[in-house]
Amino acid sequence: MKSDLIRPEIAALPTYNAGLALDRFRARYGIDCLAKLDSNENPAGPCPGVVAAIRDEAAGIARYPDAGNGALREDLAAATGSTADRLIIGNGSEDLIGAVFRTVLRPGDHVVTICPSFGLHEFGALASGAHVTKVPFNADWSFPVEGMIAAMASEAPRVLMFSSPSNPAGPAISAEEFDALLTATRRDTLVVFDEAYLEYLDPAARFDAMARLEAGPNPWLILRTFSKAYGLAGIRVGYGIACDPELAAQMMKARNPFGVNSLAVAAARAALRDTDYLAHSVKLAADGRVQLARKLSDAGFACAPSQTNFVFFDTGRTATDFAEALRHKGVLIKPWLEEPYTRWARVTIGTEEENRHFLEAVEAIRCPA
Ligand SMILES: *Cc1c(COP(=O)(O)O)cnc(C)c1O
């Protein structure tokens, strides 16, 4: 290829560290996957109403979907206490991470996030020509609020973006920390608060981030997804709540007009209605997490405290080697590739059976027979 064809920002990006699809796993390792715990999916799958809704919608797919995603935005306005004109739907919330960066970033802009970080928070910014400061978590895994404030003071960012509960680490920011951070953020910085794991957050640790953002002067965007607790990762649908209709409308222009397909919209609307199923999924993850984290700790692995459907832990060796050894036992987890966490891996909470397979495989690769 002619060497100057590719934009340098794109050429410098790594390939995304995605989980391995089940058919690819079988093709590569020649065994069935016993526990797919590498992508934070809901092991219980979608609720029954979702499958029925997709089937009902299927006959209509000769038509383009509603480019404005009106029906789902209205449902979400009611569910979130926002208004439809401030909601934006994406082909997964990762689509909206890209869209918001394309909407606001100029080459040379500064973006602040945390470390370990959700890859797209960094790579999406780099792709738009920004530079990124990643502030490491405190040693006790509390949110590095002071470090984030210092990073913003040394160069005012266009965007402050992070997830809470955090992927991949697991902890959640407290209301007091959130307030301190907002107070110290320059008023022209866009605050993007990624709540992909909100549903898993311990009710005692919850606070109304939207109300707090609304009370402050900054522009803001909250991101949520149907991929995790709602069990819809394969159909790709997430949403954003913007500070005002203007930001949502501008982001719509930076997104593909028909990027959210009609089956995804039908699935999301059905998933929203089944609150019992959501509660069941969250409980499955919470119970499994407590058990799995305890067993990992008992076995001598340091774990970050988690408010999510996964546990981030120190494998004690190069995480890619550890994860590869588990794959040969039929277990998939995600080794972390970001310095200084390359000994750490993230394991999703699966069914009881999958969690057991994982723990047995960990035991087996430590003490090879
Ligand atoms: C999974 C995840 C997302 C995006 O998920 P989509 O499938 O694109 O909706 C966004 N942010 C974080 C932190 C995530 O873990």
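A surface patch here is built from residues with over 30% relative accessible area and no salt bridge, and nonpolar side chains are joined within 5 Å. The model is predicted.

## A nonpolar patch

L5, I6 and I10 together make a nonpolar surface patch of about 270 Å². Take L5 as an example. This residue sits in the segment before helix 1, which spans 8-11. Its relative accessible area is 59%. Exposed means over 50%, partly exposed comes next, and buried means under 20%. L5 therefore counts as exposed.

## The largest pocket

Now look for open space. The largest pocket has a volume of about 810 Å³. Its lining is made of 38 residues, and the closest to its centre are Y16, N17, E94, F118 and K334. Two elements give two or more residues to this lining: helix 5 (93-104) and helix 6 (119-127). The lining is mixed in class, with 13 nonpolar, 14 polar and eleven charged residues.

## Two enclosed cavities

Cavities are a separate matter. In a search of the whole structure, two cavities of 30 Å³ or more turn up. The table sets them side by side.

| Cavity | Volume | Classes in the lining |
|---|---|---|
| Largest cavity | About 60 Å³ | Seven nonpolar, one polar and two charged residues |
| Second largest cavity | About 30 Å³ | Five nonpolar, three polar and one charged residues |

Which residues line the largest cavity? They are S164, P165, I173, F193, E195, L198, L201, A205, R206 and F207. The second largest cavity has its own lining, including E41, N42, P43, Y200 and I349. S281, L284, A285 and N309 are also among its lining residues.

## Salt bridges

Side chains of opposite charge can pair when their charged atoms come close. For a salt bridge, the cut-off is a side-chain nitrogen of Lys or Arg within 4 Å of a carboxyl oxygen of Asp or Glu. By this rule, the structure has 14 salt bridges.

One of them joins E214 and R86, at 2.8 Å from N to O. E214 lies in helix 9 (residues 209-215), while R86 lies in the loop between helix 4 (70-80) and strand 2 (87-90). These parts are 128 residues apart in sequence, so the pair ties them together. Are the two partners buried or exposed? E214 is partly exposed, because its relative accessible area is 43%. R86 has a relative accessible area of 10%, so this residue is buried.

A second salt bridge pairs R236 with E94, and here the closest N and O atoms are 3.3 Å apart. This pair also links distant parts of the chain, 142 residues apart. R236 is in the loop between strand 7 (220-225) and strand 8 (238-242), and E94 is in helix 5. R236 has 23% relative accessibility, so this residue counts as partly exposed. E94 is partly exposed too, with a relative accessible area of 39%. E94 has already appeared above, among the residues closest to the centre of the largest pocket.

D188 and R186 form another salt bridge, with N and O 3.0 Å apart. D188 has a relative accessible area of 47%, so D188 is partly exposed.

Salt bridges can also be joined up. Which residues are linked in a network? E122, K134 and E338 are linked in a network of salt bridges.

How values were computed: Residues numbered from 1 in each chain as written. Predicted model: local features only at pLDDT ≥ 70, side-chain atom pairs only at ≥ 80, totals over all residues. Heavy atoms only, no water. Patch = residues over 30% accessible without salt bridge, like charges linked within 9 Å, V, L, I, M, F, W, Y side chains within 5 Å. Areas by Shrake-Rupley, 256 points an atom, 1.4 Å probe, with all protein chains shown as cover. Helix = DSSP H or I, 4+ residues; strand = E, 2+ residues; numbered from the N terminus. Buried < 20%, exposed > 50% of the residue type's maximum accessible area, 1.4 Å probe, protein only. 1 Å grid on protein atoms, 1.4 Å probe; cavity = no way out; pocket = protein on both sides within 12 Å on 5 of 7 lines; lining within 4 Å. Points joined across faces, edges and corners; volume = space filled by probe spheres on them. Nonpolar A, V, L, I, M, F, W, Y, C, P; charged D, E, K, R; others polar.
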